[in-house]
Amino acid sequence: LMDGPLKGKHVLVTSGPTHEPIDPVRYIANRSSGAQGTALARALSALGADVTFVTGPADVPPPDGVKVVQVQTAGQMLEAVQAALPASAAVFAAAVADWRVARTSDQKIKKDQAGSLPVLEFAENPDILATVSQMKQGRPALVVGFAAETNDVIAHATAKRERKGCDWIVANDVSPATGIMGGSENAVTLISDQGAEAWPRMGKDDVARQLAARIAEVIGGDA
Ligand code: C5P
C-alpha cells in the first residue's frame with residue numbers, strides 16, 4: 001500500500017453503470033463509462049487509501065492496486081457495498097439504474113408469430129447512496145454522492161443531499177452545451193453543509209485528485 005494521508009483508511013467507491021436483465025441474453029443499461037469513478041479510486045489509492053472498488057460493467061479498466069468487486073445489477077451492487085463495509089468514507093460514483101425489470105424471464109423471450117409485443121413492467125431499485133447514508137450503525141464518517149443535472153444544478157443537488165442524507169454531493173451540469181458528458185473535462189460544484197463551492201473547469205483526473213485531497217482532509221491522518 002502507498003504511503004500518504006489516507007494510509008490505513010478503508011474507502012469504498014462505486015462506479016460504472018448497472019445492467020438490469022430482461023432475459024438471459026438481454027439487459028437494460030445506461031451510458032456511464034466509469035471514467036470518473038475509476039479516476040477517483042486511483043486518486044484515493046495514490047493517497048494511501050485501502051480502496052474497495054465496486055463496479056458495474058464499465059468501459060474503462062479498473063485501476064491497479066485496489067480491491068475490485070465486479071457486479072452487474074443494482075441489487076448486487078448494494079450487497080457488495082454492504083459486504084465491503086465498514087469504511088471510513090464511501091463515494092458513490094456509479095450510475096445505478098433506477099429500475100429493474102419486475103419479472104425477468106428464465107428463457108429468451110421469443111418473437112410472437114402473431115405479432116403481439118412484449119410489455120416490460122419495472123420495479124424500483126434500492127437507492128444504495130441513501131441506504132448507506134441513513135445507516136443507524138456503522139455509517140462511514142463521510143458519505144459522498146454525485147448528481148448529474150441539466151438545470152438548476154445547485155438547487156437540485158442541495159435538495160438531493162438533504163433527501164439522501166449524504167454529507168457531500170458532487171454536482172455537475174451535464175447539459176449538452178457544456179460538452180462535459182463523454183468529454184475529458186468536468187466543472188463540478190461541491191455541496192456540503194457549508195453551502196455550494198463551484199470549482200473551475202478542469203480535467204476529470206484533476207477533479208478526482210482534488211476530491212481525494214478533500215476527503216483526506218476530513219478522514220485522513222488521525223481524524
Ligand atoms: O438520484 P440520483 O440517481 O440522481 O442520485 C445520484 C447519486 O445516487 C449518485 O451518487 C449515485 O451513485 C447514487 N445512487 C445510488 N443508488 C441508486 C441511485 C443512485 O447509489 N439506486
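A residue is counted as being around the ligand if one of its heavy atoms lies within 4 Å of it. In this predicted model, the residues that meet this criterion are Phe 92, Ala 94, Val 96, Pro 126, Asp 127, Ile 128, Leu 129, Gly 145, Phe 146, Lys 160 and Lys 164. By class, seven residues of this shell are nonpolar, one is polar and three are charged. Three elements, α3 (128-133), β9 (142-149) and α4 (153-164), each contribute at least two residues to the shell.

Polar contacts to the ligand involve both backbone and side-chain atoms. A polar backbone atom of Phe 92 is 2.6 Å from a ligand oxygen atom, and a polar side-chain atom of Lys 160 lies 2.4 Å from an oxygen atom of the ligand. A nitrogen atom of the ligand lies 3.0 Å from a backbone N or O atom of Ile 128. Of the 450 Å² that the ligand exposes when taken alone, the protein buries 85%.

The ligand occupies the space of the largest pocket, which holds about 1400 Å³. This pocket is lined by 44 residues, with Ala 93, Ala 94, Ala 95, Val 96 and Ala 148 nearest its centre. Two or more lining residues come from each of β1 (10-15), α1 (35-46), β8 (122-124), α3, β9, α4 and β10 (168-173); the largest share, four residues, is that of β9. The lining comprises 23 nonpolar, 14 polar and seven charged residues.

The second largest pocket contains about 160 Å³ of space. Its lining includes Ile 22, Arg 26, Ile 109, Asp 112 and Leu 120, and divides into five nonpolar, two polar and four charged residues.

Methods:
Residues numbered from 1 in each chain as written. Predicted model: local features only at pLDDT ≥ 70, side-chain atom pairs only at ≥ 80, totals over all residues. Heavy atoms only, no water. Polar contact = N/O pair within 3.5 Å; in protein donor to acceptor, adjacent residues only side chain to side chain. Areas by Shrake-Rupley, 256 points an atom, 1.4 Å probe, with all protein chains shown as cover. 1 Å grid on protein atoms, 1.4 Å probe; cavity = no way out; pocket = protein on both sides within 12 Å on 5 of 7 lines; lining within 4 Å. Sits in = over half its atoms within 2 Å of the grid points. Nonpolar A, V, L, I, M, F, W, Y, C, P; charged D, E, K, R; others polar. Points joined across faces, edges and corners; volume = space filled by probe spheres on them.
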